[in-house]
Amino acid sequence: MGRARLLASVTARVLDGQAVAVHGPRGMGRTTFLDLVASGLPTAVVVRIARLGTPGHAATLIAQSFDPSILEELPEGMRSTLLDPRPADWPHPTARLADALTELLTAQAGHAPFVLVIDDVQYLDELSDHALRTAAVRSLGPGAFGLLLGVGPGEPLPETGFVPTPSESRDLPLLHIDLPPFAGADTVEMLTGVGVPTDTALWAHRESGGNPGLAHEIAESAGEQPAASISHAEHGRARERVHALSETVLTTLRRIAAMHQPTVAVLTRLGGSDAADSIRTAKQLSLLVSEDEYLRLTPGALGEVLLESVDSDELIRLHRELAEHASSLPLTRYHLALAGDPSTTPADLAASARESAARGEHDLAAQLYLLAADAGTPERAEWITCCLENAVIGKEARVLHRAIEGAAELTEPHQRVRADIALLELDASSPDELLIAAMHASERYPELQARVLLQRARILLGTHDLRTALDLAQRSVELAARAGRPDLEVDALTVGAAASHTLGEGSARGLIEKASALAGPPRPGQVHTSPRYIAARFALHDDDLRRARSEFVDMLADVGPDAGYDTVHVLRSLVEVVARQGRGREALELAGRATRAATHFDTPVATTWYIEAIAETVGGSFERAATVSARGVELAREQGDERYLRRQLAHLGLARLHLDDLASAVAAFRELREIDDASAIADVTSMRWHTDGVTALALAGEVDEARELLSGIRDAVDVWQGAPGVAVAADRAGAEICAATGDLDEARRLATRSATVAADLRLPIEEARSLVTLAHVERRARRTGRSREAAERAREVLRPLHAEPWATWVQARFPDGAALHTLEPEEPEGQDPLAHLTLTEQQVAGLVADGASNREIAQRLHLSVKTVEGTLTRIYRKTGVRSRTQLAALVLGHGSR
């Protein structure tokens, strides 16, 4: 589940005679993973070493796992060495045991190549360990023997309390692999498959850090219990898990529990090598996970359990120690306040809260504002309001409950309205009551009215009541201008631009340009709603990928590591850019970063699943994309989230289309069309499902419906006056319709134009897809050579990109070197010398006529210079010309290319 690529990679390596060690903490599914690898091997010997035994004990377990007939082939002395080791009686025990193991491995390999799978090798006794390494070095190799080891945490050493580090060997070349945690979609799929509700599964994933075994435990303890019982069970299990830990490890874990955003760097400054070993031990015991540079206790109740046993004096010392090593003044004041330091005043805390918010550290700001408010000074109401606003932006669950309770006591209109708006941001599922109260409180204040209308417009934008959202945003712009609040005016213009764009209206660009002209630097934590971000999104929609990428990379550098939603959404946009560019590996890497950031900041899982689906369609597999998108569709339906329902349906349809599941693809695209029609969504540039829908309908024989949808796409592109990539895809979809109706000449023309323009625009995935369409058209026209040529060009375009799903898709339809319809005659050509040229030859000839050098042609067409030279030789032979000048004259004299 989510580990298919790793499974395939490990299987291939051990079949090739390599040695691989798979590491995983408790509960990470290491044994299950090894079993899956073993089940896919032709011959495997599987051994589990449950405990540390006497010298030679593990070697005996290994020998007993082989078929008795293999043991019978060994000399009597070697057999007894393995089955009844007596190392005290041997002059050279390691050599003797190694020789016997070597003979055993050789005997098994003599019957058939095999893989030895050993789980829990941390329990190998020292004698067996050395002997096995020696035997493996002698025996490893393709066609003979591969080795797969499962390495878990050993028991903590009594003298240190640390989990021992696995021993290393310079003799045995081992590839070490850390088993990754589950993605959210995988945890949900695993748990809902055994009847766990989706909400509980999502919570268990978050609490477990993606550890499948721990997630199972957490979900089972939840069951049907009320929240209070769940919390009690969580605390009870957390106490059991830390009960046997050494005081050294507990000290480090208590520091983590007391810290805001704990990092390895600060902890090692405090505790040196003991802290580093404690962190390693806690990770191995599944008490701790890393989220980029930060650490998080799993489950969350562990932090409360660790601190509940600490007396007040020790807790004060702990916070004073953390204050001394804090990396900023706000953090110093935070810990001093918790230590009861009288010199840290409420005003100091509020000032540090403002500083933290300005840097985008809204979670820390919320905690500081709450500490300041707890002093009970006259500023309490304002600080409670600020606490709530920052807690909502920073997803600081630890103070939200207190902030909401305090906000219920607010009476001053400005503060009351700000609190209501923050609450709407927190949960917009039933906003009417809050909005009515906010509008009533703000009726005499244009600025407050602008805020309320703006928030309502944002909510309606998310639920696709687009026309009303646009109207409210425009009213908010007017009120903000009257109140002299250009910042609110900018926000309202930005929301209006987003609504206008989704409606498919040309006014969106003008609105975002006006907002950009008024805007200052984006506020930390709100970069993803700023004019700069939306303008970069428009550049992405316009296929101006260089500009979009540059903008998003700059934004990512600016938002910093603590910016929550900003980090996740900028990474999401970068994933979309590189996916459009066909950069498969980069898309997966960025999606991984986004997932880690989203987990750390507790971002809704719908966002990360969508990002994962995008990355999988370009760098992973269509099967995995379909799985993630299908799970996302189910979640969106459960939560009534139409925005993410649309996004996941688009990727589900794309994946199903390219898995040849036409019925499911058509169903997804039809549902999308119904949603868009009901919400008056006319934009075809952002999600780009429409041309895939046309293709699916055409291939399914629904030609009239396909034509109608394609006509709407072309009309929308004319209104937007941009997005050349959509026009490219529309030509390809049109070619599919023509092919379905038998008009192969028009299909060829459209597919060729689509591929050519895509190459000019540097949209390699679009180019490859159009070339595959052309290959299918040529095959239907019985032009075997041209079909093969177009398919080869598609492979050439994809080869350097690591766009695995697309490369696999092309290869499945047009295998390398396969003869396509070799018994079918080529369609006769006319007398025009250029008509004999293949697609690649036509494009090379055209570029020669444009004055391009061989190197420039190679870059434009994704070919090597040698391929261009060979192509020119064939062109000269077919056309009878002898030079580039003659070829250019022939092409230019021929007219339109």
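**Close-ups of a predicted model**

**View 1. The whole chain, before we zoom in.** With 897 residues, a compact globule would have a radius of gyration near 29 Å, and the protein comes in at 32 Å, which agrees. What you're looking at is a predicted model. Its C-alpha trace spans about 100 × 95 × 50 Å along the principal axes, and the protein has 45 helices and seven strands. Buried residues account for 54% of the 897. Take the contacts between residues at least 6 apart in sequence: 68% of them join residues at least 24 apart. On the outside, the accessible surface is about 37,800 Å², with 52% of that belonging to carbon and sulfur atoms.

**View 2. Inside the largest nonpolar core.** This core has 146 residues, and the members touching the most others are Leu191, Phe552, Trp609, Val694, Ile713, Leu798 and Trp806. Which helix gives the most to this core? That's α31 (residues 605-619), with nine residues. Another core lies apart from this one; it has 38 residues, among them Leu97, Leu105, Leu116 and Ile118.

**View 3. Leucine 798 and its company.** Here we pick out Leu798, one of the residues that touch the most other members of the largest core. Setting aside neighbours within four places in sequence, Leu798 is in contact with Ile765, Ala768, Ala803, Trp806, Ala807 and Val810. Trp806 is another of those residues touching the most other core members.

**View 4. Helix α13 and its kink.** Helix α13 runs over residues 264-284, yet its end C-alpha atoms are only 16 Å apart, short of the 30 Å a straight helix of its 21 residues would reach. Where is the kink centred? Look at glycine 271, where α13 has a kink of about 130°. Just after the helix, serine 286 takes a positive phi of about 60°.

**View 5. What α13 packs against.** Val266, Leu267, Leu270, Ala275, Ser278, Ile279, Thr281 and Ala282 are the buried residues to find in α13. The buried residues of α13 pack against two helices, α12 (247-258) and α15 (312-324), and two strands, β6 (288-291) and β7 (294-297).

**View 6. Glutamine 639, in helix α32.** Gln639 belongs to α32, which covers residues 622-639. Is this glutamine buried or partly exposed? Its relative accessible area is 44%, so Gln639 counts as partly exposed. Beyond neighbours within four places in sequence, Gln639 is in contact with Asp199 and Leu202. The C-alpha atoms of Gln639 and Ala606 are separated by 9.9 Å, with the two residues 33 apart along the chain.

How values were computed: Residues are numbered from 1 along each chain as its sequence is written. This is a predicted model: local features need pLDDT of at least 70, side-chain atom pairs count only at pLDDT 80 or more; totals for chains, interfaces and linings use all residues. Side-chain values use heavy atoms; hydrogens and water are left out. A nonpolar core is a set of buried Ala, Val, Leu, Ile, Met, Phe, Trp, Tyr and Cys residues joined through side-chain atoms within 4.5 Å. Buried means under 20% relative accessible area, exposed over 50%, partly exposed in between (1.4 Å probe, protein chains only). Helices (H or I, at least four residues) and strands (E, at least two) are DSSP runs, numbered from the N terminus. Contact means heavy atoms within 4.5 Å. The expected span of a helix is 1.5 Å times one less than its number of residues. The bend at a residue is the angle between axes fitted to the seven residues ending there and the seven starting there. The radius of gyration is taken over C-alpha atoms; the globule rule is 2.2 Å times the number of residues to the power 0.38. Accessible areas come from the Shrake-Rupley method with a 1.4 Å probe; for residues, only the protein chains shown count as cover.
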